[in-house]
Amino acid sequence: MAQLDTLDIVVLVVLLLGTVAYFTKGTYWAVQKDPYATSFANGSAGKAGKSRNILEKMDETGKNCVVFYGSQTGTAEDYASRLAKEGSSRFGLKAMTADLEDYEYENLDQFPEDKVAMFVLATYGEGEPTDNAVEFYEFIGGEDVSFSEKSAEETPLSTLQYVAFGLGNNTYEHYNSMVRNVSKYLDRLGAKRIGEAGEGDDGAGTMEEDFLSWKEPMWAALASAMNLEEREAIYEPVFEITEKPDMDASDDTVYLGEPNKNHLEGHSKGPYNAHNPYIAPIAESKEIFTDKTRNCLHMEIDVAGSNLSYTTGDHIAIWPTNAGKEVDRFINILGLTEKRHMVITVKGLDATAKVPFPSPTTYDAVVRYHMEICAPMSRQFVSQLAQFAPNDAIKAEMTKIGEDKDVFSEQIAEKNYNLAQFLEYMSNGEKWEKIPFSIFIEALHKIQPRYYSISSSSLVQKDKISVTAIVESIEKPGAPHVVKGVTTNYLLALKQKQHGDPHPDPHGLDYAITGPRNKYDGIHVPVHVRHSNFKLPSDPAKPIIMVGPGTGVAPFRGFVQERAQQAQNGENVGKTILFFGCRRKSEDFLYADEWKQYADDMGDKFELVTAFSRDGPDKVYVQHRLRERAEEINKLLEQKAYFYVCGDAANMAREVNEILAQIISDQRGVPKQKGEEIVKAMRASNQYQEDVWS
């Protein structure tokens, strides 16, 4: 046998180690992977290595209940989390939550009879699924649904037991269409629904009470179907918080508000999206109200070099920071002031628990950048916190408030309390030191980006995105606190700094406007772009009618800006009418000078119709102006004009819809019902489009 020389031995050892590494996949020397180590953190691109088989995942982790959620703003995800927690603590279910976009659905026909699937589904826009539920919705509602084993059967989902709750808004035509349609599709495929499909109504302001009143009979029905026994609910943490007194918050491995590792290391890179913001410079900002008691901001956000692109009608997402005043209040009432900069690590105690932010981090960073601490209190959370009250008297009062919706409404909801304000009120300032911090990570929403209609044209300024935002300040008679909009007041502070204010601090809110480790210094704001279906017709010769009072005019500034540019380029531009309304011509007439310039550029193709509600003896709104122009509007619609509405969904948009149906009925001599059918057909064909909010 030939002798092996040194080189041969080295080569053999390398090959052996490589083979071991391949087959063990790093088992013997692997370090725990940081889920926030890439710019895709928590996005679908970052989930490529995870199993997309939900049954496999449930078996591996010993679960008998999965709560799927379709969520756009985080509310449905929050309700899903609450159901999973309650199922575990009250009934002993082994529950997990699941993002619908993380899993395949072809094997739902193999779902075991002794397990249950819950669906918490928000309806987005005009009856559309949320972004993360699109694939599921298209699959389950398809004409020829193909499952892994039972596709040939009429009822392939006969072993699937399910529960459903929907989040909707009755000011939209397709109210709660997601939960209604998904329930219909599942029933058609043979699934067995347990209890009624619940429906929460954000439009009526009853979402929370709708959820609470639905879940009790649902739990009773589920307990009966699965032979579950109710027990006294005991708090069992989902996350483990470990303090690291040996680490310093200034250590460059500690996250102080950065969303992922690339941002932490100071070299963020795209693609920029809902999981990875671009830290964009604000090129310009100005006040566009002349009313000194209110603020409305115009901002130009520079996205040059970011590869972020938008088309006219899209939305920009702005990632807010909580006001320092409320961060201090929250940390103080929990008795964490001395430990606010203590380094902590957070990990899930269950394989299916997803930590919503990266760690190691600090208490301050979590409260300031990651938790929705300024949101209204929920009655269920009041009940949950009662067990941690500073004394028995407060515990008894908390329990009473949590059990009685009328007492809750009178003492909490009507007073505009956020969580820390409520705790201060209940204990008269005494610290709540018994509350485990993990409960806030579980119960409070992860702070969400706020979306604003882009008020510029991508044809005119592709690298600068315009934002038009009124600074929110909500007062209720008798309420001790004025609710200050988290994001718009943050933007106001940035505008003040850009204009040289040495102490940019609107209303004493004390925003950390330079960001974690001063990474937002120089007037920067974290953003990404969300694409929208709210679009101009592809043919610029088509006439358009736009209704946009107040800041509802934002996307129409972009529409008109684009058409003016097309006209200057020599294109044939159709009739372009904008109905705009505000209080007074002298105070809040947005972009008054610009409309004059666009009229010069477009000639008689552009017309602005105004309604100043407080300038005359009678209040006049855009709805009145529409009626006055009924004949012209009908003629334009007969020429296939596109009709757009942007603004308040609850009142203005609903009334405009009714008025348009009446105009068609009157002008064409048809019954009102026929007018309504024509408007509905316009919606279905995208000839009638809305960008509205509640």
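**Close-up 1. Antiparallel pairing of strands β11 and β18 in the predicted model.** Four bridges join strand β11 (residues 315-318) to strand β18 (residues 524-530) in the antiparallel sense. Within this pairing, Ile-316 of the model faces Val-529 of β18.

**Close-up 2. The open six-stranded sheet and helix α15.** The strand order is β14-β11-β18-β9-β10-β15, and the pairing is antiparallel. The edge positions belong to β14 (450-453) and β15 (464-470); each has a single partner strand, so one side of each is left without a neighbour in the sheet. On average, neighbouring strands of this sheet are turned by 40° against each other, direction ignored. Helix α15 (residues 486-498) lies across β9 (278-287), β10 (296-302), β11, β14, β15 and β18. The angle between helix α15 and β9 is about 75°.

**Close-up 3. Arginine side chains placed over tyrosine rings.** Arg-530 lies over the face of Tyr-451, at 3.7 Å from the ring centre. Arg-530 falls within strand β18 (residues 524-530), and Tyr-451 within the edge strand β14 (450-453). In a second arrangement of this kind, the charged end of Arg-557 sits over the ring of Tyr-591, 4.7 Å from its centre.

**Close-up 4. Aromatic pairs involving helix α4.** The structure holds 34 aromatic pairs. One of them is formed by Phe-119 and Phe-136, whose ring centres are 5.6 Å apart and whose planes meet at 15°; the pair is therefore stacked, planes under 30 degrees apart being counted as such. Phe-119 belongs to strand β3 (residues 116-124) and Phe-136 to helix α4 (residues 134-140), so that the pair links parts of the chain 17 residues apart. Both Phe-119 and Phe-136 are buried. The rings of Tyr-137 and Tyr-185 have their centres 6.0 Å apart and their planes at 50°, and this pair is accordingly tilted. Tyr-137 lies in helix α4 and Tyr-185 in helix α5 (residues 177-188), at a separation of 48 residues along the chain. Tyr-137 and Tyr-185 are likewise buried. Ring pairs also connect Phe-119 and Phe-136 with Phe-68, Tyr-105, Phe-139, Phe-147 and Tyr-162 in a cluster.

**Close-up 5. Surroundings of Arg-614 in the loop between β21 and α18.** The loop that holds Arg-614 runs between β21 (606-612) and α18 (622-628). With a relative accessibility of 38%, Arg-614 counts as partly exposed. Apart from neighbours within four places in sequence, Arg-614 is in contact with Arg-583 and Arg-584. A distance of 8.3 Å separates the C-alpha atoms of Arg-614 and Cys-582, which are 32 residues apart along the chain.

Methods. Residues numbered from 1 in each chain as written. Predicted model: local features only at pLDDT ≥ 70, side-chain atom pairs only at ≥ 80, totals over all residues. Heavy atoms only, no water. Pairing = 2+ DSSP bridges. Helix = DSSP H or I, 4+ residues; strand = E, 2+ residues; numbered from the N terminus. Axes fitted to C-alpha atoms, helices over the stretch in contact; angles between N-to-C directions. Contact = heavy atoms within 4.5 Å. Buried < 20%, exposed > 50% of the residue type's maximum accessible area, 1.4 Å probe, protein only. Phe/Tyr/Trp six-rings, centres within 6.5 Å; stacked < 30°, edge-to-face > 60°. Lys NZ or Arg CZ within 6 Å of the ring centre and 35° of its normal.
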